[in-house]
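Q: Could you take me through one part of this model, the sheet and what packs on it? A word on the helix start that comes before it in the chain would be welcome too.

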Amino acid sequence: MSGLSMSSFSFEPLPTAEVEAAEERFTVFTDEVRRLMDLTIRSTVDEDRLSQAEALIRQAADLLAESAPPGPAGVHYNDQGRSWNWGNAVVGVRNAIAPPVRLTWDDDDLVHAEVELGAAYEGPPGSVHGGVSALLLDHLMGETASSRHTKLTVTGTLTLRYVQPLPLGRVRMEARIAETSGRKVTVTAWIGNDNGPAVEATGLFIVPRWAENPEVVTDIGSLD
């Protein structure tokens, strides 16, 4: 992760209430874009309907382009301990590629989530793409390694074992810290469904040396 430092993140003087209001508004909007992605894959409408839809999509894109700064969305934080990463490919509330995943931390430090993976995430027929499983597990495990966002971590190594195909639909994933040694955190995890794990994973996550500075905003969590 050379080149990353605290200066890679953007401070924004936005109250947390405003951040959460914006997230709520864009959650609704992005859900509609996800629905559009799914229908683009599955629809069998005729040429006329397709042309009408294309014109409407172009109109919507032109409206959004009226104010769209170039470059990545980045990771932002305020002075109230709140961070946000709206473009993140796993949890980004403004990224239609993200399912999105919403993580839950249990009292026993198990971290888990359930998410619906539809046609946009297909690899083998009727099954989740193996790379999508890897993406989701990497994020889940990085967040787990952050120990409830008390430390900032990056992925060191990620080892995956594909046990069986994972059918599209509702899936569950779980992770837990297996070992902590200095700046290194080992995490184990799996993703699957009612038939059990489909992919099992072990990962080594690292707290970068620059992130040991007490001034670093640890609430950012994982930088996978």
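A: At the start of helix H2, a side-chain oxygen of Asp46 comes to within 3.3 Å of the backbone nitrogen of Asp48. Bear in mind that this is a predicted model. H2 covers residues 47-65, and its 19 residues should span 27 Å at 1.5 Å a residue; the end C-alpha atoms are 27 Å apart, so the two values agree.

Now to the sheet you asked about. It is an open sheet of 6 strands in the order E4-E5-E7-E8-E9-E6, with antiparallel pairing. Strand E4 (104-105) and strand E6 (154-162) are at the edges with a single partner strand each, so one side of each has no neighbour in the sheet. The partner of E6 can be followed in detail: 8 bridges join E6 to strand E9 (residues 196-206), and the two run antiparallel. Within that pairing, Leu160 has Ala201 of E9 as its bridge partner.

Helix H3 (residues 130-145) packs on this sheet, where it touches E4, strand E5 (111-117), E6, strand E7 (169-181), strand E8 (184-193) and E9. The direction of H3 makes about 135° with that of E8.

Let's go back to the strands for the two hairpins. E7 and E8 run antiparallel and are joined by 9 bridges, with Thr180 standing opposite Val185 in E8. Their hairpin has 2 residues between the strands, and Gly182 there takes a positive phi near 60°. The next hairpin links E8 to E9, again through 2 residues. E8 and E9 pair in the antiparallel sense over 10 bridges, and one bridge partner pair is Asn193 with Gly196 in E9.

That leaves the side chains. The largest nonpolar core has 27 residues, and those with the most contacts inside it are Val101, Leu136, Leu137, Leu140, Met141 and Ile191. At least two residues of this core come from each of E5, H3, E7, E8 and E9. H3 gives the most, with 6 residues. Val101 makes a handy spot to zoom in on: leaving aside residues up to four places away in sequence, Val101 touches Val90, Val91, Ala113, Val115, Leu136 and Met173.

Note on methods:
Residues are numbered from 1 along each chain as its sequence is written. This is a predicted model: local features need pLDDT of at least 70, side-chain atom pairs count only at pLDDT 80 or more; totals for chains, interfaces and linings use all residues. Side-chain values use heavy atoms; hydrogens and water are left out. Two strands pair if DSSP finds at least two bridges between them. Helices (H or I, at least four residues) and strands (E, at least two) are DSSP runs, numbered from the N terminus. Contact means heavy atoms within 4.5 Å. Axes are lines fitted to C-alpha atoms, for helices over the stretch in contact, and angles run from 0 to 180 degrees between N-to-C directions. A nonpolar core is a set of buried Ala, Val, Leu, Ile, Met, Phe, Trp, Tyr and Cys residues joined through side-chain atoms within 4.5 Å. Buried means under 20% relative accessible area, exposed over 50%, partly exposed in between (1.4 Å probe, protein chains only). The expected span of a helix is 1.5 Å times one less than its number of residues. A polar contact is a pair of N or O atoms within 3.5 Å; within protein, one must be able to donate a hydrogen and the other to accept it, and residues adjacent in sequence count only if both atoms are side-chain atoms.
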